[in-house]
Amino acid sequence: MATARDALWQIAAGTAVDAPAVESLSAEAFDPAFREAWSAAQLVRGLDDPGTFLLLARAPGRPLMGFALTRAVVAESELLLCAVAPSSRRQGLAAALVEAAIAEARARGARRMVLEVRESNHPARRLYHRLGFLPVGTRPSYYKSVTGGAAAAITLSRAFD
Ligand SMILES: CC(C)(COP(=O)(O)OP(=O)(O)OC[C@H]1O[C@@H](n2cnc3c(N)ncnc32)[C@H](O)[C@@H]1OP(=O)(O)O)[C@@H](O)C(=O)NCCC(=O)NCCS
């Protein structure tokens, strides 16, 4: 689908078969305090929806490096989840995954993409800002932490041309 700038990794569509690999990457990638990761069973259920699609970043002979899970329904698409393994960060994988998700959502008829990001997730906020997403709302205390704390969600949106 898309090729990385250094050609060491590629982005391609995934299926429910890839759910266990996505689950183990998620366990490593997400802050466990906020339980943002999806289980393999949740992913399989999500992929039952024909509007939901999974993109994977892989390199030959390596464990899964990153993924993006997106739902596109008519004009609207939502980036549900995106993560890159800690050892593969700052190589442009997340940016390439999100751009590939946007390309696929557009091909399915979407006119914009929305997502929720935790206010305290500064790397992700920088990523989405750089990719042209703009804040359109805030949900206070949307994310509950396992220690009883809470964090706001910021809703971001990027309109397609
Ligand atoms: C957020 C995340 C997906 C970024 O993945 P990544 O592959 O490292 O991101 P990229 O290499 O594509 O970064 C693109 C740009 O985003 C910004 N960015 C990414 N990580 C950053 C960090 N740790 N600090 C500051 N800016 C960051 C930078 O502008 C970066 O460009 P640059 O490297 O040229 O400065 C990754 O850190 C991750 O998996 N985090 C845990 C899961 C998560 O929070 N997912 C998002 C919410 S669903």
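Here are some exercises with worked solutions on this structure, which is a predicted model.

**Exercise 1. Work out how helix 1 and helix 2 pack, and which residues make the contact.**

Step 1: Find the two elements. Helix 1 covers residues 19–29, and helix 2 covers residues 40–47.

Step 2: Look at the geometry. Their axes are 8 Å apart and the packing angle is about 130°. That angle makes helix 1 oblique to helix 2, since angles from 65 to 115 degrees count as roughly perpendicular and those over 145 as roughly antiparallel. The crossing of helix 1 past helix 2 is right-handed.

Step 3: Pick out the contact residues. Helix 1 brings Ala 19, Pro 20, Val 22 and Glu 23, while helix 2 brings Ala 40, Leu 43 and Val 44.

Step 4: Sort them by class. You get 6 nonpolar residues, no polar ones and 1 charged.

**Exercise 2. Describe the largest nonpolar core and say where its residues come from.**

Step 1: Start with the membership. This core has 42 residues, and the ones touching the most other members are Leu 55, Ala 57, Phe 67, Ala 68, Leu 97 and Ala 101.

Step 2: Map the core onto the elements. At least two residues each come from helix 1, strand 3 (52–58), strand 4 (66–73), strand 5 (76–84), helix 3 (93–107), strand 6 (112–118) and strand 8 (150–159). Helix 3 gives the largest share, with 9 residues.

Step 3: Zoom in on one member. Setting aside residues up to four places away in sequence, Ala 57 touches Trp 9, Ile 11, Met 65, Gly 66, Phe 67, Leu 93, Ala 96 and Leu 97.

Step 4: Put it in context. In soluble globular proteins, nonpolar side chains tend to be buried together.

**Exercise 3. Decide whether Ala 83 and Glu 78 are buried or exposed, and list what each one touches.**

Step 1: Place Ala 83. You'll find Ala 83 in strand 5. Ala 83 has 26 other C-beta atoms within 10 Å, so it is buried; the cut-off is 20 or more.

Step 2: List the contacts of Ala 83. Ignoring neighbours within four places in sequence, they are Leu 25, Ser 26, Ala 29, Phe 30, Gly 66 and Phe 67. There is also a long step along the chain to Glu 28, 55 residues apart, yet the C-alpha atoms of Ala 83 and Glu 28 are separated by 9.5 Å.

Step 3: Do the same for Glu 78. Glu 78 is in strand 5 as well. It is buried because 21 other C-beta atoms lie within 10 Å.

Step 4: List the contacts of Glu 78. Not counting residues up to four places away in sequence, Glu 78 touches Thr 70, Arg 71, Met 113, Val 114 and Leu 115. The C-alpha atoms of Glu 78 and Val 114 are 4.8 Å apart, with their positions 36 residues apart along the chain.

**Exercise 4. Check Val 74, Ser 141 and Arg 130: where is each one, and is it buried or exposed?**

Step 1: Take Val 74. Val 74 sits in the loop between strand 4 and strand 5. With 10 other C-beta atoms within 10 Å, Val 74 is exposed. Its phi is positive, about 50°, although Val 74 is not a glycine.

Step 2: Take Ser 141. Ser 141 belongs to strand 7 (residues 134–144). Ser 141 counts as exposed because it has 10 C-beta neighbours inside 10 Å. Ser 141 isn't a glycine, but has a positive phi of about 55°.

Step 3: Take Arg 130. Arg 130 is part of helix 4 (residues 122–130). Arg 130 is exposed, with 11 other C-beta atoms within 10 Å. From Arg 130 to Ala 95, the C-alpha separation is 8.8 Å.

Terms used. Residues numbered from 1 in each chain as written. Predicted model: local features only at pLDDT ≥ 70, side-chain atom pairs only at ≥ 80, totals over all residues. Axes fitted to C-alpha atoms, helices over the stretch in contact; angles between N-to-C directions. Helix = DSSP H or I, 4+ residues; strand = E, 2+ residues; numbered from the N terminus. Parallel < 35°, antiparallel > 145°, perpendicular 65-115°, else oblique. Left-handed = near helix turned anticlockwise from the far one by under 90°. Contact = placed C-beta atoms within 7 Å. Nonpolar A, V, L, I, M, F, W, Y, C, P; charged D, E, K, R; others polar. Core = buried A, V, L, I, M, F, W, Y, C linked by C-beta atoms within 7 Å. Buried ≥ 20, exposed ≤ 12 C-beta atoms within 10 Å, placed from the backbone.
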